[in-house]
Amino acid sequence: IGLFIGIELVLDRKTLAPAAKEASDLVNRLKTAGILLGTDGPFSNVIKIKPPMVMTLEDADMFLRILDDELTDMEQTH
């Protein structure tokens, strides 16, 4: 029993073109911050989030803050 969430990254919301490189880049960025995620799906553009059972609300807040910061940084550099 546990939580499993997938976030699909796409280049364009209309065409739904997979963003595989961006997904991989995001996973690597979060790894340097100490957050371990993975990619999955037929196009490797789905971010797999499998937090531990002992995850706290503070852990979730930290994850969302870092995820938001990294996505914002990636958007600004592209």
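Which exposed residues sit on the face of helix 2 turned away from its buried side? Keep that one in your heads, and I'll get to it in a minute.

Quick housekeeping. What you see is a predicted model, so local features need pLDDT of at least 70 and side-chain atom pairs count only at pLDDT 80 or more, while totals for chains, interfaces and linings use all residues. Residues are numbered from 1 along each chain as its sequence is written, and side-chain values use heavy atoms, with hydrogens and water left out.

Okay, the overall picture. The protein chain has 2 helices and 3 strands. Those names come from DSSP runs: H or I with at least four residues for a helix, E with at least two for a strand, numbered from the N terminus. Walk along the sequence and you get β-α-β-β-α. The C-alpha trace spans about 35 × 30 × 20 Å along its principal axes.

What about the radius of gyration? For 78 residues, a compact globule would come out near 12 Å, and the protein chain has 13 Å, which agrees. That value is taken over C-alpha atoms, and the globule rule is 2.2 Å times the number of residues to the power 0.38.

Now, buried and exposed. Buried means under 20% relative accessible area, exposed means over 50%, and partly exposed is in between, using a 1.4 Å probe and protein chains only. Buried residues make up 24% of the 78 residues here. The accessible surface comes to about 5,700 Å², and 58% of that belongs to carbon and sulfur atoms. Those areas come from the Shrake-Rupley method with a 1.4 Å probe; for residues, only the protein chains shown count as cover.

One more number for the whole chain: among contacts with a separation of 6 or more, 56% are between residues 24 or more positions apart. A contact, by the way, means heavy atoms within 4.5 Å.

Right, back to helix 2. It runs over residues 57-77, which is 21 residues, and it reaches 30 Å from its first C-alpha to its last, close to the 30 Å expected at 1.5 Å a residue. The expected span is 1.5 Å times one less than the number of residues.

Its buried residues are Phe-63, Ile-66, Leu-67, Glu-70 and Met-74. Why are they on the same side of helix 2? Because they cover an arc of only 105° around the axis, where the arc is that of the directions from the helix axis to the C-beta atoms. What covers these buried residues includes strand 1 (5-8), helix 1 (20-32) and strand 3 (46-49).

And so to my opening question: the face turned away from that buried side carries the exposed residues Leu-57, Glu-58, Leu-64, Glu-75 and Gln-76.

Did you spot the odd name in the buried list? Look at Glu-70, which is buried, with a relative accessible area of 19%. Leaving out residues up to four places away in sequence, Glu-70 touches Leu-26, Arg-29 and Leu-30.

That brings us to charge pairs. Side chains of opposite charge can pair when their charged atoms come close. We call it a salt bridge when a side-chain nitrogen of Lys or Arg is within 4 Å of a carboxyl oxygen of Asp or Glu. How many turn up in the whole structure? A search finds 3.

Glu-70 forms one with Arg-29, with the closest N and O atoms 2.7 Å apart. Glu-70 lies in helix 2 and Arg-29 in helix 1, so the pair ties together parts that are 41 residues apart in sequence.

Arg-29 also forms a salt bridge with Asp-73, again with the closest N and O atoms 2.7 Å apart. Here Arg-29 is in helix 1 and Asp-73 in helix 2, so this pair ties together parts that are 44 residues apart in sequence. Put together, Arg-29, Glu-70 and Asp-73 are linked in a network of salt bridges. Arg-29 is partly exposed at 23%, and Asp-73 counts as partly exposed at 32%.

Then there's Asp-25 with Lys-21, at 2.8 Å, N to O. Both lie in helix 1, 4 residues apart, about one turn of the helix. Asp-25 is partly exposed at 24% relative accessibility, whereas Lys-21 is exposed at 55%.

Last stop, Gly-6 in strand 1. Gly-6 is partly exposed, at 48%, and touches Val-46 and Ile-47, not counting residues up to four places away in sequence.
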